[in-house]
Amino acid sequence: MSEELYKEMAQSIIDGDSEKSVELAKKSIELQMHPLDTITKGFVVGVNYIGDQFGKGEAFLPELVMAGEAMKAAVATLEPELLKLGEARETMGRVVLATVEGDIHEIGKTLVGTMLSASGFEVTDLGVDQPAEKIIGKALEINADIIGMSALLTTTMVRQREVIEELDKEGLRPRIKVMVGGAPITKEWAEKIKADGTSEDAVGAVQLAKKLVGKE
Amino acid sequence: MQPKLALLDDELIAKILEEAFELLRCPAVKVQNPEARELLASAGAKLYPDTQVVGISKSLVQKALESVPREFYLYDYDGNPVIHYGGDSIHFDPGSSGIAMLNPDTLEHETTETPHLIRLLKVAEQLPQYDAQSTAVICHEVPKDIQDSYRLYLALLYSKKPIVTGAFTNKTVQEMIEMLTLFGGSAEAAREKPRAIFDVCPAPPLIWSNFGAGNLIALAKAGIPAEIVSVPLAGAAAPVTMLGTVTQHTAEVLAGITIHQLAKPGSPIVWGGAAAIFDMRKGATPMGAVETAMLDCSYAQVAKSLHMPTHAYLGATDSKLVDAQAGLESGITAMVGALSGINMISGAGMLDFLACHSAEKLVIDAEAIAMAKRMVIGIKQHTETLATGFYDEKINFKGGDFLKQKITMQLFREEQHLPSSVIDRDSTRAWKAAGGLDAFGRAKLRVKELLASYRRPELDLDKVNRLHAFMRDLAQKAGLEQLPALEDYQPT
């Protein structure tokens, strides 16, 4: 019985069908299934599948994003149950994402957020034009493992360095790791500003994040 | 709305036709086939004694144009109508009759034999951009007498797609028709659902050779489709002006249609060609020249004014390698062909003035063809409101919002062509990780994949055995005891 339901759950994620994934999450609560099992044996299977397919070039961004959304909706439905049980879903890690101050280009960063969420990270996306103190403040507030910063412009990429310097000043590293990204960002730049890594695309960003939290 | 390219206005098309009729009267057409001359004479054409020259009147041509079918289909092995000759339908097939093939590793142009043709057939079979196969290269190790029928034999064994082919003599066209009859089940079946079309070439200027006209007559009688491939060379074997060349092309095709329809009214025939300009520096016939594409677009407009099905040779290059020149010439001319609404566009895969084939080029050209086909689909209105319906309460002014919409998932495949791995859209990191290859390098990999994934089509064993026996018999008559061994086929 639950095997069938798990399969349906995975499929709802693969189909990117949020209504269906929420409906199945509710059903699992009625059936008093353990919410952690529901997530790991059901929904996560779908996320992993679509992630693999995307990696192979067989699935596409809209499918990946929709799967991420369906996953998010299902987990949100199950969260109160987890709280009742006093258990938290084990995440890959907590990530704060932001586009740095003065820059409003965020599509790449948003994709990284989706990919990270779909891969089991808890992502807080602050959006665009975020000053150093807000980024660091949020990281401390949620006890983040990683800060991810994007910049599209050569004029704004220097802000990435300011955030890193501020973190160092506060003695928050290496506890909080820093990933940087964006069109003008190179490995050399990342090394120069002492970031913990960079990636040119969202798939690489997930690999990097996993490495940074020691869960490769 | 299907986007269309037009280079001629109606007035000019009418003038081309008028002058073509005039050319058919004077200097008239040289018809080197006695049966064709007889057909024309008994229909009232004027024979000039001792010269093989025949004057064809406008009314005789118009009568032929009345009986010619305005559309027909080619069918695959399973009997599905796959290729629509008529209207503005567009299809592509690999170029035909190459004599060499590019070795992707040594970059030598190798003289082609059986394994080369099989390689091309296997690759083209799996690329959906090619609606038809072609008898792409000559297999030089078999005797000349069977080189044309042998190519068709291989295409029938390795493919289920329709086939663009051609015969080299009046004797072999009969043998090839017999092959199609054998594979189709009966002469009637081969006619009702034709699997193949035969290219038939007049010789410029204004000559229908014994073999060209003979082929037209044989095909018409059998009801097997013929495709006139008129090859005027602007500035050498045709007037230097584009309009002069298109007019000569028109006259040559009209003469061919007249002979064909006199042999059997109602038989299917296509208004086609491999027109080219003549390069005045090298004395070459550039297939990748923009003027070559313009000639084809123009004669297609003339054909369409008469509602005739169309064909052209485009999507080829004169480069010797699969390089940037190959890409730009093939891509641009394929696009011109598609925008001209030409029903069958032959030439993909070909280098070096149609002499040399390349499987690697075939997979790259497939991407250009996919782009051309996408272009021709045009801009579609999928939603009642164009944009306003997309901005719902979930839109919170973030880039990426539209990725989260169900409609994006539903429609992106219809709006966007998804290219194969031959086209690089990777980040630099991923591109480097995949070997940092250029298009030719990626094409080599894709060809290897396609050759590995190819499965021989499941064909009726009885038909296959009869075809083997038929071919063996032809070979023995031509002095070849043993046909070359075939991959995927056990010797019988």
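# Exercises on a predicted two-chain model

In strand S2 of chain A, A:Phe121 is the bridge partner of A:Gly93. Keep that pair in view as you start, and remember that this is a predicted model.

## Exercise 1: Around strand S1 of chain A

Task: find how S1(A) and S2(A) pair, and follow the chain from S1(A) to S2(A).

Solution.
- Step 1. Locate the two strands: S1(A) spans residues 93-99, and S2(A) spans residues 121-125.
- Step 2. Look at the pairing. Five bridges link S1(A) and S2(A), and the sense is parallel.
- Step 3. Trace the connection. From S1(A) the chain passes through helix H5(A), residues 107-118, before it reaches S2(A). This β-α-β crossover is right-handed.

Task: which residue of strand S3(A) stands opposite A:Ala98?

Solution.
- Step 1. Find S3(A) at residues 146-150; S1(A) and S3(A) run parallel and are joined by five bridges.
- Step 2. Read across from A:Ala98, and you arrive at A:Met149.
- Step 3. Check the surroundings of S1(A): the strand is mostly covered, with six of its seven residues buried.

## Exercise 2: Two open sheets in chain B

Task: work out which strands stand at the edges of the sheet S6-S18-S17 of chain B.

Solution.
- Step 1. Note the order: this open sheet has three strands, S6-S18-S17, with parallel pairing.
- Step 2. Look for strands with a single partner. S6(B), residues 91-94, and S17(B), residues 311-313, each have a single partner strand, so one side of each is left without a neighbour in the sheet. These two are the edge strands.
- Step 3. Add the twist, which averages 25 degrees from one strand to the next.
- Step 4. Zoom in on one pairing. S6(B) runs parallel to S18(B), residues 344-348, and four bridges join them. Here B:His91 stands opposite B:Met344 of S18(B).

Task: do the same for the sheet S2-S3-S1-S12 of chain B.

Solution.
- Step 1. This open sheet has four strands, and its pairing is mixed.
- Step 2. The edges are S2(B), residues 46-48, and S12(B); each has a single partner strand, so each has one side without a neighbour in the sheet.
- Step 3. S2(B) and S3(B), residues 53-55, run antiparallel and are joined by three bridges. Within this pairing, the partner of B:Tyr48 is B:Val53.

## Exercise 3: Two helices that cross

Task: decide whether helices H4 and H15 of chain B are roughly parallel or roughly perpendicular.

Solution.
- Step 1. Take the axes of H4(B), residues 114-125, and H15(B), residues 439-453: they come within 9 Å and cross at roughly 90 degrees.
- Step 2. Angles of 65 to 115 degrees count as roughly perpendicular, and H4(B) and H15(B) are therefore roughly perpendicular to each other.
- Step 3. List the residues in contact. H4(B) supplies B:Arg119, B:Lys122 and B:Val123, while H15(B) supplies B:Val447, B:Leu450 and B:Leu451.
- Step 4. Sort these residues by kind: four are nonpolar, none is polar and two are charged.

## Exercise 4: Where the chains meet

Task: describe the side of chain B that touches chain A.

Solution.
- Step 1. Start with the residues involved: 12 come from chain B and 16 from chain A.
- Step 2. Find the elements of chain B that give two or more residues to this side: helix H13(B), residues 406-415, and helix H14(B), residues 428-433.
- Step 3. Sort the chain B side by kind: four residues are nonpolar, five are polar and three are charged.

## Exercise 5: Backbone details in loops

Task: say where B:Pro27 and B:Pro205 lie, and describe the peptide bond before each.

Solution.
- Step 1. B:Pro27 sits in the loop between helix H1(B), residues 10-25, and strand S1(B), residues 29-31. The bond from B:Cys26 to B:Pro27 is cis, with omega near 10 degrees.
- Step 2. B:Pro205 lies in the loop between S11(B), residues 196-200, and S12(B), residues 207-208. The bond from B:Pro204 to B:Pro205 is cis, with omega near -5 degrees.

Task: are A:Gln32 and B:Asp352 buried or exposed?

Solution.
- Step 1. A:Gln32 is in the loop between helices H2(A), residues 18-30, and H3(A), residues 35-55. Its phi is positive, about 55 degrees, although A:Gln32 is not a glycine.
- Step 2. The cut-off for exposed is 12 or fewer other C-beta atoms within 10 Å. A:Gln32 has 8 C-beta neighbours inside 10 Å, so A:Gln32 counts as exposed.
- Step 3. B:Asp352 is in the loop between S19(B), residues 350-351, and S20(B), residues 356-357. B:Asp352 is not a glycine either, and has a positive phi of about 55 degrees.
- Step 4. Buried calls for 20 or more; with 22 other C-beta atoms within 10 Å, B:Asp352 is buried.

Key. Residues are numbered from 1 along each chain as its sequence is written. Chains are lettered from A and ligands numbered from 1 in the order in which they are written. This is a predicted model: local features need pLDDT of at least 70, side-chain atom pairs count only at pLDDT 80 or more; totals for chains, interfaces and linings use all residues. Two strands pair if DSSP finds at least two bridges between them. A crossover is right-handed if, with the strands pointing away from the viewer, the path from the first strand over the helix to the second runs clockwise. Axes are lines fitted to C-alpha atoms, for helices over the stretch in contact, and angles run from 0 to 180 degrees between N-to-C directions. Two residues are in contact if their C-beta atoms, placed from the backbone, lie within 7 Å. Ala, Val, Leu, Ile, Met, Phe, Trp, Tyr, Cys and Pro count as nonpolar, Asp, Glu, Lys and Arg as charged, and the others, Gly among them, as polar. Angles under 35 degrees count as roughly parallel, over 145 as roughly antiparallel, 65 to 115 as roughly perpendicular and the rest as oblique.
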